[in-house]
Amino acid sequence: MEYLVGWVILTAVGVIAAAAKNRNQLGWGLICFLFPLACLIVLVLPPLKPASAYKKCPQCAETILKEAKVCKHCGHSFDVAPKNLAEKPNDQQGTELPGGRHRDL
Ligand SMILES: [Zn+2]
């Protein structure tokens with residue numbers, strides 16, 4: 001009887017630890033049910049980051065961390081500076097004068 005209680009407790013510990021570490025609760029619950037000492041593995045595993053912590057690279061479609069400024073797979077840069085430059089007017093064309101006339105610099 002004590003074995004059964006210990007088995008249930010170890011399985012519950014595995015499921016709770018998996019939930020706390022953002023891991024598959026059903027999978028780890030099944031593993032801990034079949035091998036109760038596997039709950040020790042869940043306890044030492046590092047927590048997984050939630051899916052919201054990742055983004056998809058528009059260049060190579062690989063999943064990378066949201067904070068990444070450069071894709072680790074293809075080297076695509078996520079700098080915001082080029083976007084700001086694209087919004088600036090092009091000064092090389094000259095300035096528009098009142099009355100629709102155009103003056104070259
Ligand atoms: Zn990429």
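Does A61 count as buried or exposed, and how many C-beta neighbours inside 10 Å does A61 have? The last view gives the reply, and the legends below lead up to it. Please keep in mind throughout that this is a predicted model.

**View 1. The whole chain, with its helices and strands.**
Let us start with the overall layout. The chain holds 4 helices and 4 strands. Read from the N terminus, the order of these elements is α-α-α-β-β-α-β-β. Burial is counted over all 105 residues, and 9% of them qualify as buried. Among contacts with a separation of 6 or more, 23% join residues that are 24 or more positions apart.

**View 2. The largest nonpolar core of the model.**
Seven residues are worth picking out here: the largest nonpolar core is made up of V15, A17, A18, W28, C32, C39 and V42, 7 residues in all. Two or more of these residues come from each of α1 (2-20), α2 (25-34) and α3 (39-44). The biggest contribution is that of α1, with 3 residues. A good place to zoom in is A18, which touches R23, N24, Q25, W28 and V42 once residues up to four places away in sequence are set aside.

**View 3. Helix α1 and its two sides.**
This helix has 19 residues, and from the first C-alpha to the last α1 reaches 27 Å, close to the 27 Å expected at 1.5 Å a residue. Its buried residues are T11, G14, V15, A17 and A18. They lie on the same side of α1 because the arc they cover around the axis is only 165°. A helical repeat helps in reading this view: an α-helix has 3.6 residues a turn, so residues three or four places apart point the same way. The buried residues of α1 pack against α2 and α3. On the other side of α1, the exposed residues are E2, V5, G6, V8, I9 and A20.

**View 4. L10 and its contacts from elsewhere in the chain.**
Now for a residue of helix α1 that is neither fully in nor fully out: L10 lies in α1 and counts as partly exposed, because it has 18 C-beta neighbours inside 10 Å, where 20 or more would make a residue buried. Beyond its neighbours within four places in sequence, L10 is in contact with C32, P36 and C39. Another pair to look for is L10 and L37: they are 27 residues apart along the chain, yet 7.2 Å separates their C-alpha atoms.

**View 5. N22, just past the end of α1.**
Which residue with a positive phi follows α1? That residue is N22, with a phi near 60°. Its place is in the loop between α1 and α2. N22 is not a glycine, which makes the sign of its phi worth a look. For background, most residues other than glycine have a negative phi. N22 counts as partly exposed because 13 C-beta neighbours lie inside 10 Å.

**View 6. A61, in the loop between two strands.**
Here we come back to the opening question. A61 sits in the loop between β1 (54-56) and β2 (63-65). Its phi is positive, about 65°, although A61 is not a glycine. As for burial, A61 counts as exposed because it has 9 C-beta neighbours inside 10 Å, and a residue with 12 or fewer is exposed.

Notes: Residues are numbered from 1 along each chain as its sequence is written. This is a predicted model: local features need pLDDT of at least 70, side-chain atom pairs count only at pLDDT 80 or more; totals for chains, interfaces and linings use all residues. A nonpolar core is a set of buried Ala, Val, Leu, Ile, Met, Phe, Trp, Tyr and Cys residues joined through C-beta atoms within 7 Å. Two residues are in contact if their C-beta atoms, placed from the backbone, lie within 7 Å. The expected span of a helix is 1.5 Å times one less than its number of residues. The arc is that of the directions from the helix axis to the C-beta atoms.
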